Amino acid sequence: MQKFMLKLIDGKQLAQKRREEIKRTVEQLKAKGIVPGLAVVLVGEDAASQIYVRNKEKACEEVGFYSEVYRLPESTSQEELLQLIKRLNHDEKIHGLLVQLPVPAHIDEKAVIHAIDARKDVDGFLPENLGSLLIGEPAFEPCTPKGCIDLIKQTGIEITGKKAVVVGRSNIVGKPVAMMLLRENATVTICHSKTKNLKEELLTADIVVAAVGKSNFITGDMIKDGAVVIDVGMNRLENGKLTGDVDQASLEGRDCWLTPVPGGVGPMTITMLMQNTLESATR
Ligand code: NDP
């Protein structure tokens, strides 16, 4: 049997390229007196959230954005948080605004997200933006799905007419990425925990997007030759190692494309946040 080489899609490299493009556009905007601004609000001490927020802050510095980061104590009341959001909604220096999730248990996450002005919802989490995506109107697209589409396009494989299977139906990854694949003219199937014949579905897929949250859940025997596999999963093992939803080892030697974890979808997510903030500033 002919031996192939699994082709890895380098998310780190693509993210770097996109950030350089953003940086150049920011320089042009600055010459016109516009500085894209992003505000990030973090409530509490969650360790992972602190890293994400720091990475967003660093990305802003890198592309030349103005940024404000609010690190609020765990004891912050919902009312105090809503007041801050209201103020940032009206702040002209701020074009993008997000609250790092999860928020502490005493705060209603939905109320917080809904308080954000849809025109500054650069995470693309608000019903206004998700609804616009559904009906094909301009919207802030959620960052991770937006990064997935960019990564698929990097392979040079035409999405139109392809069979795509998305595993996972969350509002932040599975559903929006399925909508975007549909917009790109793929024939899309969405699978989830109640799907009866997951392997059969996957074996029909030219494009697979895995957003399950289970380490090495999808294995090579579920993937057909030539498929493009986008692994959104970010699973932290007990030994601290980060793994995806796809078992990369079982795809070695196969004629497929795969985004590695780490170094695939992850680096694209924050870059797409920068992209959305830039779009907001230029609107
Ligand atoms: P959720 O937990 O919200 O959704 C997981 C989905 O997987 C659900 O729709 C669930 O189905 C489905 N699922 C669970 N078990 C099975 C199964 N046995 N068979 C088929 N489907 C199953 O997760 P998210 O969408 O928020 O995140 C998914 C993964 O992506 C996580 O690892 C997360 O850390 C990662 N992630 C990575 C990002 C990045 O920047 N790289 C950004 C966001 C997320 P059901 O709806 O029926 O319960």
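This short talk covers the two largest pockets of the structure above.

First, the ground rules. This is a predicted model, where local features need pLDDT of at least 70, side-chain atom pairs count only at pLDDT 80 or more, and totals for chains, interfaces and linings use all residues. Residues are numbered from 1 along each chain as its sequence is written, and side-chain values use heavy atoms, without hydrogens and water.

A pocket here is an open set of points on a 1 Å grid over the protein atoms alone, where a 1.4 Å probe fits, with protein on both sides within 12 Å along at least five of seven lines. Lining residues have an atom within 4 Å of a point. Volume is the space filled by probe spheres set on the points, which are joined across faces, edges and corners.

Start with the largest pocket. It holds about 1400 Å³ of space. Its lining counts 42 residues, and Y52, T144, M234, G266 and T269 lie nearest the centre. Which element gives the most? That is α2, with 7 residues. Helices are DSSP runs of H or I, at least four residues; strands are runs of E, at least two. By class, 25 lining residues are nonpolar, 10 polar and 7 charged. Nonpolar means Ala, Val, Leu, Ile, Met, Phe, Trp, Tyr, Cys and Pro; charged means Asp, Glu, Lys and Arg; the others, Gly among them, are polar.

Now the second largest pocket. About 230 Å³ of space lies there. Its lining includes L101, H114, F125 and N171. α4 gives the most, with 4 residues. The classes are 7 nonpolar, 2 polar and 2 charged.
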